[in-house]
Structure formats: structure tokens, C-alpha cells
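Trainee: I should like to look closely at a single part of this protein and then see how that part fits into the whole. Could you take me through it step by step?

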Amino acid sequence: MTTNELMKSRLKYNRPSLRARARPPKNRTPLGEAFSAANLGRSLKLQYCIDCNRFQYPSQEVCQACLKDNLVWREAVGTGHIISQTALFHSLWEFFKRRTSQKPWPVATVALDQGPIVFTHLDVEAFDDGKMLHVSEKTQVKVFSHYDCSMRSILITTTKETDTQTRETRQQIVARMGLSKPAFRDGGI
Ligand SMILES: [Zn+2]
């Protein structure tokens with residue numbers, strides 16, 4: 001391999017836009033990595049302050065209420081209601097750029113019954129086959145975590161009736177949303 005070819009191959013590795021297979025962002029803070037580890041194979045685990053008996057999100061070094069570090073990862077229920085939902089038409093990240101070139105990418109902010117407000121991907125297909133006719137700000141939903149194809153935990157909102165009990169059912173939803181495979185340069189999923 002000539003130096004020129006070597007530099008070209010390195011460039012491909014460094015520039016996501018040149019990769020045949022783009023993946024979702026995988027860089028996380030140490031707390032984000034801890035969140036991914038805690039949620040691996042779980043439906044939803046959030047930071048919980050033992051002293052205040054409250055969940056918090058996003059993950060922090062200390063409790064946002066009492067500023068103590070008496071925090072543990074605890075299983076959360078995940079039920080809540082939509083605060084707002086929208087769709088992204090453009091992204092600076094190659095993986096989502098390729099996705100949004102096919103159709104807008106839906107996202108939602110959800111207030112969990114157990115307190116925290118989370119920003120999530122929205123599983124629109126689960127709502128009236130994607131028509132979202134009956135989705136409003138008060139719609140009751142369910143949030144769960146799963147790993148994407150970069151092996152990092154992400155949050156997904158679906159209907160409260162959707163079965164998310166097992167890892168297999170959660171995996172099916174993630175696969176249907178196109179998050180379990182890289183996005184290809186030709187636009188194919
Ligand atoms: Zn606290």
C-alpha cells in the first residue's frame with residue numbers, strides 16, 4: 001500500500017461521511033458509559049438518590065436535590081406522558097443524516113411518572129401505524145432503554161400497551177426503528 005493509499009484509508013476511518021457504514025454516536029462521558037453499563041439487558045435503570053428517595057436524569061455526579069453522592073442505579077418503571085414530540089429533518093451526524101434523507105426522525109420529550117424528564121427516540125410505528133393521530137401532550141407512553149448498533153444505551157418511547165418485558169421484544173422495536181444496524185451510504189437500511 002502506497003503512502004497515498006494509506007492516508008486515504010485513514011481518512012475514511014476518521015471521517016464518518018466517507019464510511020460505507022455509518023453508526024450512531026458512541027462517545028459518552030464516564031457517567032454516560034456508566035448509564036450504558038447499568039442498562040445493558042435491562043428495561044430501564046436510572047440514578048436514584050437513597051437520601052431523597054428520588055430518581056434523576058440525566059446522570060450526575062451528585063444528587064441534584066441534596067448534592068450528596070449517595071446514588072445507586074435502580075430499576076425504573078418507565079411509564080409517563082409526552083411533553084412534546086417532533087421530528088428532525090436534518091442531522092450533522094452521518095448516521096442520522098442518512099436516515100433523515102429517507103424520512104424525518106421522530107423524537108419526544110417525556111415526563112416519567114417517577115419524576116425525571118427524558119429526551120428520547122420516538123417509536124412512531126407503534127402509534128396508529130405511524131400516523132400519530134391520537135398523540136398529544138398528555139398521551140400516556142412507556143420509555144425503555146436498549147443498546148444501538150454502537151453498543152451504547154439509548155432511550156425509546158413507545159405506546160404504554162407495547163410489550164417491552166423481554167430483551168427480545170425490545171430488540172424487535174429497536175430493529176424496526178433501524179437503530180440496530182449501521183446506515184449505508186446508498187441509503188439502504
Ligand atoms: Zn438526594
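Mentor: The zinc site comes first, followed by the chain around it and then by the protein as a whole.

Please keep in mind throughout that this is a predicted model. In it, four cysteines hold the zinc ion: Cys49, Cys52, Cys63 and Cys66 each coordinate it through SG. The distances from the ion to these atoms run from 2.2 to 2.3 Å. The geometry can be read from the angles: the 4 donor atoms subtend 104 to 116° around the zinc ion, and the arrangement is therefore tetrahedral. The criterion for that label is that every angle among four donors lies between 85 and 135 degrees. For orientation, the ideal angle for four tetrahedral donors is 109.5 degrees.

Along the chain, the donors of the zinc ion are spaced as C-x2-C-x10-C-x2-C. Cys49 and Cys66 stand 17 residues apart in sequence, and the pair links distant parts of the chain. Cys49 belongs to strand E2, residues 45-49, while Cys66 sits in the loop between strand E3 (54-56) and strand E4 (71-75).

These two ligands also differ in their surroundings. Cys49 has a relative accessibility of 1% and is therefore classed as buried, the limit for that class being under 20%. Cys66 has a relative accessible area of 26%, so it is partly exposed. The site thus joins a buried cysteine in a strand to a partly exposed one in a loop.

Two backbone features belong to this stretch of chain. One concerns Asn53, which lies in the loop between E2 and E3. Its phi is positive, at about 55°, although Asn53 is not a glycine. With 55% relative accessibility, Asn53 counts as exposed; the class begins over 50%. The other feature is a cis peptide bond, running from Tyr57 to Pro58 with omega near 0°. Pro58 is placed in the loop between E3 and E4, the loop that also carries Cys66.

A positive phi occurs elsewhere in a residue other than glycine: Asp128 has a value near 45°. Asp128 is found in the loop between strand E7 (117-122) and strand E8 (140-147). Its relative accessible area is 30%, so Asp128 is partly exposed, whereas Asn53 is exposed.

To set the site in context, consider the protein as a whole. The fold contains 4 helices and 10 strands. Read from the N terminus, the order of elements is α-β-α-β-β-β-β-α-β-β-β-β-α-β. The C-alpha trace spans about 60 × 40 × 30 Å along its principal axes. The protein has 189 residues, of which 41% count as buried. Among contacts with a separation of 6 or more, 59% are between residues 24 or more positions apart.

At the surface, the protein exposes about 11,000 Å², and 53% of this area comes from carbon and sulfur atoms. Its charges comprise 28 positive and 18 negative ones, whose mean positions are 7 Å apart.

Three residues outside the site illustrate the range of environments. Ile156, in strand E9 (residues 153-159), has a relative accessibility of 0% and so counts as buried. Beyond its neighbours within four places in sequence, Ile156 is in contact with Thr120, His121, Asp123, Lys142, Val143, Phe144, Val174, Met177 and Leu179. The C-alpha atom of Ile156 is 16 Å from that of Met132, a residue 24 places away along the chain.

Thr109 is part of strand E6, residues 105-112. At 19% relative accessibility, Thr109 is buried, given that the class requires under 20%. With neighbours within four places left aside, the contacts of Thr109 are His81, Ile82, Ile83, Ser84, Ile117, Val118 and Phe119.

Met1 lies in the segment before helix H1 (3-14). Its relative accessible area of 75% means that Met1 is exposed. Outside its neighbours within four places in sequence, Met1 is in contact with Leu6 and Ser9. Between the C-alpha atoms of Met1 and Thr164 there are 49 Å, at a sequence separation of 163 residues.

To return to the part you wished to examine: four cysteine SG atoms coordinate the zinc ion, their angles make the arrangement tetrahedral, and the pair Cys49 and Cys66 connects strand E2 with the loop between E3 and E4.

Terms used: Residues numbered from 1 in each chain as written. Predicted model: local features only at pLDDT ≥ 70, side-chain atom pairs only at ≥ 80, totals over all residues. Heavy atoms only, no water. Helix = DSSP H or I, 4+ residues; strand = E, 2+ residues; numbered from the N terminus. Buried < 20%, exposed > 50% of the residue type's maximum accessible area, 1.4 Å probe, protein only. Contact = heavy atoms within 4.5 Å. Areas by Shrake-Rupley, 256 points an atom, 1.4 Å probe, with all protein chains shown as cover. Lys, Arg positive; Asp, Glu negative; His and termini not counted. Charge placed at Lys NZ, Arg CZ, Asp CG, Glu CD. Donors = N, O, S within 2.8 Å, 3.2 Å for Na, K, Ca; no water. Tetrahedral: all angles 85-135°; square planar, octahedral: opposite > 155°, others 65-115°.
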